[in-house]
Amino acid sequence: MTIGQVTISPGAVLRSIAVLFVALAIMRGLQHWLVNSYLPTTAMDAGAQNSVMMVARYAGIIAAVLWALGALGIGMEKLAVVLGALSVGIGFGLQAITQNFVSGLILLAERPVKIGDLVRIGNMEGDVKRINVRSTEIQVADRSTLIVPNSELITKTIQNMTLAAPIGRIQLQFSVPLEEDLDAVRTMLFAAFAEKHEVLDDPEPKVFIDSIDAGRAKFNCFAYVASPRDAYPMRSELLFTLLRQFREAGIEVGSTATKMEIVGGVPAPRAPDTPADQLTE
């Protein structure tokens, strides 16, 4: 069979299929050696190892396909013509897939998001479990998997809480009456932070009086833990401890008082026998 300047014979097809299987087998062997023998001996983290493995995998698949096409009799110059003809269709029909594929390569190369990172996308927060060529899998708090197209991670704003400084911040906000001993409250706060070994000494905890409103002093306190994943449970532990200590010391704790205003006149009381349509404002 002759297609253009390429003559395809049954023997060439069989030879091309055999070359493809051999090339894929070599690629799988190389990938197995990388994953089980070489990469574990390096100092690269799990995210970097995944990037190397994925790039090697895609490069091996592309090399295997090109090798098989060469065995079929289609050289690189002829393949370039075919790809040029297909580029228009790919540009229009597979635009989203191509964009996600390129974004996946950017993620593997630049690594703004890598496996093991704790990220927040919109109102969803979770751990990056896998970066594929088209999408990234993120495990959220309810143990379900959020599948995000790679282009979203490149073009949208993503909060990576473990990229540069992987520590978690705890914030406590409450108010006490001005009649209470505010210095004693501050001392109890620092003591509660000190007795929790998960709370870091550097950065050191901070205790501030944020404002005074309606006869109450509003405290705003900060402490730090080793990981953002530890911030929420440690915040709960500190609240349990402080609420118990404040109760034992007789210190009233609450939130800042909220003032409510009624805008407009108050309607006149309605007489029992007065119809609703005869009321005057």
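Mentor: A strand is a DSSP run of E that holds at least two residues, and strands are numbered from the N terminus. In this predicted model, strand 4 covers residues 124-131, and aspartate 127 lies in strand 4.

Trainee: Why is aspartate 127 called buried?

Mentor: Buried means under 20% relative accessible area; aspartate 127 has a relative accessibility of 19%, and therefore it counts as buried.

Trainee: What makes the pair of aspartate 127 and arginine 229 a salt bridge?

Mentor: A salt bridge needs a side-chain nitrogen of Lys or Arg within 4 Å of a carboxyl oxygen of Asp or Glu. The side chains of aspartate 127 and arginine 229 meet at 2.7 Å, N to O, so the pair satisfies that cut-off. Aspartate 127 lies in strand 4 and arginine 229 in the loop between strand 10 and helix 7, so the pair ties together parts that are 102 residues apart in sequence.

Trainee: Why is arginine 229 called partly exposed?

Mentor: Partly exposed is the range between under 20%, which is buried, and over 50%, which is exposed; arginine 229 has a relative accessible area of 37%, so it is partly exposed.

Trainee: What makes arginine 216 and glutamate 252 a salt bridge, and where do the two residues lie?

Mentor: Their side chains meet at 3.4 Å, N to O, and because the cut-off is 4 Å, the pair counts as a salt bridge. Arginine 216 lies in strand 10 and glutamate 252 in the segment after helix 7, so this pair ties together parts that are 36 residues apart in sequence. Arginine 216, at 13% relative accessibility, counts as buried, whereas glutamate 252, at 45%, is partly exposed.

Conventions. Residues are numbered from 1 along each chain as its sequence is written. This is a predicted model: local features need pLDDT of at least 70, side-chain atom pairs count only at pLDDT 80 or more; totals for chains, interfaces and linings use all residues. Side-chain values use heavy atoms; hydrogens and water are left out. Helices (H or I, at least four residues) and strands (E, at least two) are DSSP runs, numbered from the N terminus. Buried means under 20% relative accessible area, exposed over 50%, partly exposed in between (1.4 Å probe, protein chains only).
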